[in-house]
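This report describes the fold of one protein and two of its helices. The sequence and structure are shown below.

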Amino acid sequence: MIKKTLGIKAIEHIIIVIVFIMSSPFIYILICFIVYLFNVLFSLFKMNHAAISVSEIKALKEEANKQFKAGQYSQAESQYYDILMKIDDSDTREDIVNEKKIIYSNLAVVLRKQNKKTQAMKMDIHIIKKIDKTFTKSYARLIKDYLDNDNFTLGRYYYSLMKT
């Protein structure tokens, strides 16, 4: 999935590089303390930031599904992306992960309906690599897409992954 914001790790690395350039032990300790405070504040913000519930996800997904069934593919695509932005990537609750997988899968179908095959394939690859390595729908769609494009090597590759 596309990164939502510049990560904390990237900010820490930038600060460490600045400190390295300045090479002062006092400044280094001060910067480390600031980074520590930033991490504490960020974690407090995340704890206070309410996680989206499964029922909210399902309700939003149903709205997007209605758009899809009505043939309004671009609106459905936008709604699926909005739902994914509301789900915390670090949320590992099984029901949330399952809903996320379904939303990515639905998004892949919507993208294919709009002839955005490359984006759709990226969604299916994301499902397989990041969410569920056993999700056969994604494998089947990828294999079909690669075979349709005469890319037999990648088609066979995903077929072999699916069988393992």
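## Overall architecture

Of the protein's 164 residues, 30% count as buried (buried is under 20% relative accessible area, exposed over 50%, partly exposed in between, with a 1.4 Å probe and protein chains only). The model is predicted: local features need pLDDT of at least 70, side-chain atom pairs count only at pLDDT 80 or more, and totals for chains, interfaces and linings use all residues. Residues are numbered from 1 along each chain as its sequence is written, and side-chain values use heavy atoms, with hydrogens and water left out.

The protein contains eight helices and zero strands (DSSP runs numbered from the N terminus: H or I of at least four residues for helices, E of at least two for strands). Among contacts (heavy atoms within 4.5 Å) with a separation of 6 or more, 53% join residues 24 or more positions apart.

## Helix 4

Helix 4 comprises the 14 residues 73-86, and its end C-alpha atoms lie 20 Å apart, in agreement with the 20 Å span expected at 1.5 Å a residue (1.5 Å times one less than the number of residues). Its buried residues include Ala76, Glu77, Tyr80, Ile83 and Leu84. Because these cover an arc of only 125° around the axis, they lie on the same side of helix 4 (the arc is that of the directions from the helix axis to the C-beta atoms). Their cover includes helix 3 (54-69) and helix 5 (94-113).

## Helix 6

Helix 6 (residues 117-131) has 15 residues and reaches 20 Å from its first C-alpha to its last, close to the expected 21 Å. Ala120, Met121, Met123, Asp124, His126, Ile127 and Ile128 are its buried residues. Helix 4, helix 5, helix 7 (136-148) and helix 8 (152-163) are among the elements that cover them.
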